[in-house]
Structure formats: structure tokens, C-alpha cells
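Subject: Structure handover

Hello,

Here is the structure you were expecting, with its sequence. Please open it first and keep it in view while you read the notes underneath.

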Amino acid sequence: VVRSRLAPSPTGHLHLGNARTFLLTWLHVRAAGGSLVLRVDDLDGPRVRQEAVGETIEDLTWLGLHWDAEAGVLVQSRRAEVYAEAADGLLSRGLAYPCVCTRSEIGIAVGDTASSAPHGPEGPRYPGTCRGRWSTRAQAEAASGKPACLRLKTEPGQVRFDDLLYGPQAFDPSMETGDFVIHRNNGVAAYQLATVIDDAESGVDLVIRGSDLLSSTARQRLLQTALGLPMPQVLHVPLVVGEDGRRLAKRHGDTSIRRLRELGWSAAALLARLGATAGLCGPEEEVTLGVLLARYDLARLSTAPVVFTPAWLARRPA
Ligand code: GLU
């Protein structure tokens with residue numbers, strides 16, 4: 001049986017974009033008779049708002065997207081020791097190393113003069129400056145006078161995997177991000193490390209999430225290999241974007257579930273707006289999750305980005 005997770009980041013309100021990902025997660029897992037864990041991805045320091053945890057849970061519940069209590073709830077900010085122990089283990093086995101480079105030093109090292117430099121949201125590729133310099137964090141910090149993060153060593157080579165929607169994938173993390181951060185210099189685990197440990201701990205065998213994380217899967221595979229963890233299957237779903245092609249955000253207007261509910265939208269009407277983007281119903285209907293579930297079919301999903309237009313919300317059912 002399938003076990004997956006809902007992993008909201010409590011950095012803002014649940015909006016139509018992340019609600020679509022969670023709806024598809026819920027439908028896919030329920031259609032397979034599987035179970036769902038709730039995981040709170042609250043490691044992103046200053047961007048996390050603790051109130052958003054409760055609000056997101058309320059919004060998911062209002063939409064009817066329930067997880068399974070028996071499967072448990074994982075709150076990442078409470079699991080610092082587990083992550084630290086795994087990171088230290090990789091360091092002592094020589095698979096990771098301490099690094100004291102600052103963001104701007106890395107930019108200079110790769111000749112990144114302006115924001116036009118070719119690099120993704122992860123920033124420039126790390127050139128490996130600190131590789132082989134020190135064997136412990138304490139040594140690195142004493143020698144440099146700066147806090148050290150830990151990076152996983154990446155060796156050249158394609159990491160291949162099959163995505164249930166996007167098909168066969170190949171990424172070379174050593175070319176894309178280079179040795180990547182697994183534990184930050186403020187002592188907090190990086191997303192890549194926390195997510196693989198938690199997926200294993202909660203028995204997740206299918207990861208469903210937004211397509212912005214497709215290339216992360218390759219880095220997560222490297223970590224799973226290094227830590228001896230199982231490799232879940234992956235299903236990435238396209239993000240909802242605005243008419244400008246950018247990921248749905250405030251600039252496209254307030255599409256938070258909370259706000260729409262205050263405006264009088266019913267869950268059934270919003271589910272129809274989202275279900276229509278997966279070919280499951282007409283956008284102007286009102287549907288229950290049961291109806292969407294009965295019609296759900298992965299084969300109807302497309303990899304094309306889903307474009308939000310104000311027309312989605314132009315006609316609110318009375
Ligand atoms: N918390 C992440 C997000 O909201 C999802 C991470 C994951 O599914 O691995 O985009």
C-alpha cells in the first residue's frame with residue numbers, strides 16, 4: 001500500500017497553488033487506498049510564521065483533505081537532534097565536510113557578478129573551496145572564525161529516476177549545485193536532509209509534491225544512498241502560475257483559501273476550480289471530494305503548468 005505525506009511549509013497562507021498540490025496528493029493516495037502523514041516543514045527560519053501552522057491545518061480540514069492520525073504528524077523543528085546526528089554521521093564517515101564560505105564568497109569564486117549570472121534558485125554551483133580543508137566543524141570554526149555548515153560531497157555522474165508524471169529523469173548534482181548544504185551554519189538541518197530522514201521515518205514510499213522540487217529528488221537520492229535509506233517513488237505535479245508565467249503569489253492577487261472562504265466561497269466550489277485543472281470536472285460546478293475521487297485518473301494529468309487567471313474566481317456560486 002501507498003503511504004505519502006502532506007508537507008506544508010508554514011511560511012504563508014495556503015493558496016490555490018499549494019492547495020492544488022495537496023488536493024492531487026490526497027486524491028492519488030486515496031484512489032490507491034493508501035495513507036497520508038502530515039508533516040510540518042517549519043525549518044525555514046525567518047520565513048516561518050508559527051500561526052500559519054494552525055491556519056494551514058484549518059484550511060486543509062475545511063477543504064476536507066484529511067491525513068491519517070495513526071500515521072502521525074511530524075514537526076521538523078522538533079527533530080533537530082535526529083538531523084544533527086545523521087549529519088555528524090556523514091561527516092565522520094568522510095561523506096560530508098565543514099564549509100565556512102559565505103554566499104558572497106561563493107558568488108565571487110564562480111565569477112557571479114550580477115543577478116544575471118546563470119544559476120537556479122539554489123544559487124551558484126558550489127566550487128568545493130572547503131573540501132578537504134578540515135575534518136570537524138570545530139576545527140573549521142576555530143581556523144576561520146566563522147560558523148561552519150556541512151556539505152555533502154557530490155561526485156560527477158547522472159542520478160536517474162522515474163517520475164510517475166514527468167517520466168525518466170537524469171540530473172547531475174555535482175554540476176548543478178555542487179556539494180550541497182545538508183546542515184546550515186546556524187545548526188538547523190537543510191531541507192534536503194530533513195526531508196529524506198522524515199520520509200524514511202514515517203514510512204513514506206511515494207513522495208508527491210510540486211515540480212519545482214523535481215531536481216531536488218536527485219540530491220535526495222544521493223543522501224538516501226549515503227544514509228542507507230529507502231528511495232520512495234516520486235510524483236511531481238506542475239505548479240500553478242500566473243498569466244506572467246511566474247509561480248502563483250501575492251502579485252497575482254489574494255488567492256488564499258482563507259480569504260476566499262471569507263468572501264463566501266464554498267469548499268465545493270473551490271474544489272471544482274482545482275479539480276477542473278486536472279480534467280476531473282467543470283470549473284463552475286460544485287463537487288465533493290468523493291466525486292473527484294471517483295473520477296481521479298493520473299493519466300488525465302498533464303505536465304503543462306496550470307495558468308491561474310482571474311476568471312477562475314469571477315463567478316462565485318450563490
Ligand atoms: N514543504 C515543501 C513545500 O511546501 C514540500 C517539500 C516536499 O514535499 O518534499 O513546497
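The notes below begin with the ligand and then go through selected strands, helices and loops.

Please keep in mind that this is a predicted model.

Ligand site

Which residues are around the ligand? They are Arg5, Ala7, Ser9, Arg39, Asp41, Tyr191, Thr195, Arg209 and Leu213. Sorted by class, this shell comprises four charged, three nonpolar and two polar residues.

Three polar contacts are worth finding on screen. The side chain of Arg5 has an N or O atom 2.7 Å from an oxygen atom of the ligand. Arg209 also faces a ligand oxygen, with a polar side-chain atom at 2.9 Å. At Ala7 the backbone is involved: one of its polar backbone atoms is 2.7 Å from a nitrogen atom of the ligand. On its own the ligand has 300 Å² of accessible area, and the protein covers 78% of that.

Strand 9 and what follows

Arg209 falls within strand 9, which spans residues 206–210. Is this strand mostly covered or uncovered? It is mostly covered, with five of its five residues buried. Its parallel partner is strand 10, residues 233–237, and five bridges link the two. Within that pairing, Arg209 has His236 as its bridge partner in strand 10. Helix 8, residues 216–227, completes a right-handed β-α-β unit with strand 9 and strand 10.

Helix 7

Helix 7 covers residues 191–201, and two residues of the ligand shell, Tyr191 and Thr195, fall in that range. Why is helix 7 described as largely enclosed by the rest of the structure? Because eight of its 11 residues are buried. Thr195 is one of the buried residues, and the others are Gln192, Leu193, Ala194, Val196, Ile197, Asp198 and Asp199. Just past the end of helix 7 comes Gly203, with a positive phi of about 70°.

The hairpin of strands 6 and 7

Strand 6 (residues 159–163) and strand 7 (residues 167–171) run antiparallel and are joined by five bridges. Three residues lie between them, and the two strands form a hairpin. Two pairs can be picked out: Asp163 stands opposite Gly167, and Arg160 is bridged to Ala170.

In a regular strand, side chains alternate between the two faces of the sheet. Strand 6 has a covered face made of Val159, Phe161 and Asp163, and an uncovered face made of Arg160 and Asp162. Arg160 has a relative accessibility of 62% and therefore counts as exposed, the cut-off for exposed being over 50%. From Arg160 to Gly203 is 43 residues along the chain, and their C-alpha atoms are 22 Å apart.

Three further positions

Gly12 sits in the loop that runs between strand 1 (3–6) and helix 1 (16–31). Its relative accessible area is 23%, so Gly12 is partly exposed; buried would require under 20%. Thr56 is 44 residues from Gly12 in sequence, with 8.7 Å between the two C-alpha atoms.

Leu43 is also in a loop, the one between strand 2 (35–40) and helix 2 (50–63). With a relative accessible area of 12%, Leu43 is buried. Between Leu43 and Gly242 there are 27 Å, C-alpha to C-alpha, and the two residues are 199 apart along the chain.

Tyr97 belongs to strand 4, residues 96–99. Is Tyr97 buried or exposed? Tyr97 is buried, at a relative accessible area of 2%. Its C-alpha atom is 8.3 Å from that of Cys149, and the two residues are 52 apart along the chain.

To go back over the main points on screen, start with Arg209, which contacts the ligand through its side chain and bridges to His236 in strand 10. Then turn to Thr195, which is both in the ligand shell and among the buried residues of helix 7. Finish with Arg160, on the uncovered face of strand 6.

Regards

Methods. Residues are numbered from 1 along each chain as its sequence is written. This is a predicted model: local features need pLDDT of at least 70, side-chain atom pairs count only at pLDDT 80 or more; totals for chains, interfaces and linings use all residues. Side-chain values use heavy atoms; hydrogens and water are left out. A residue is near a molecule or strand if one of its heavy atoms lies within 4 Å of it. A polar contact is a pair of N or O atoms within 3.5 Å; within protein, one must be able to donate a hydrogen and the other to accept it, and residues adjacent in sequence count only if both atoms are side-chain atoms. Accessible areas come from the Shrake-Rupley method with a 1.4 Å probe; for residues, only the protein chains shown count as cover. Ala, Val, Leu, Ile, Met, Phe, Trp, Tyr, Cys and Pro count as nonpolar, Asp, Glu, Lys and Arg as charged, and the others, Gly among them, as polar. Buried means under 20% relative accessible area, exposed over 50%, partly exposed in between (1.4 Å probe, protein chains only). Helices (H or I, at least four residues) and strands (E, at least two) are DSSP runs, numbered from the N terminus. Two strands pair if DSSP finds at least two bridges between them. A crossover is right-handed if, with the strands pointing away from the viewer, the path from the first strand over the helix to the second runs clockwise.
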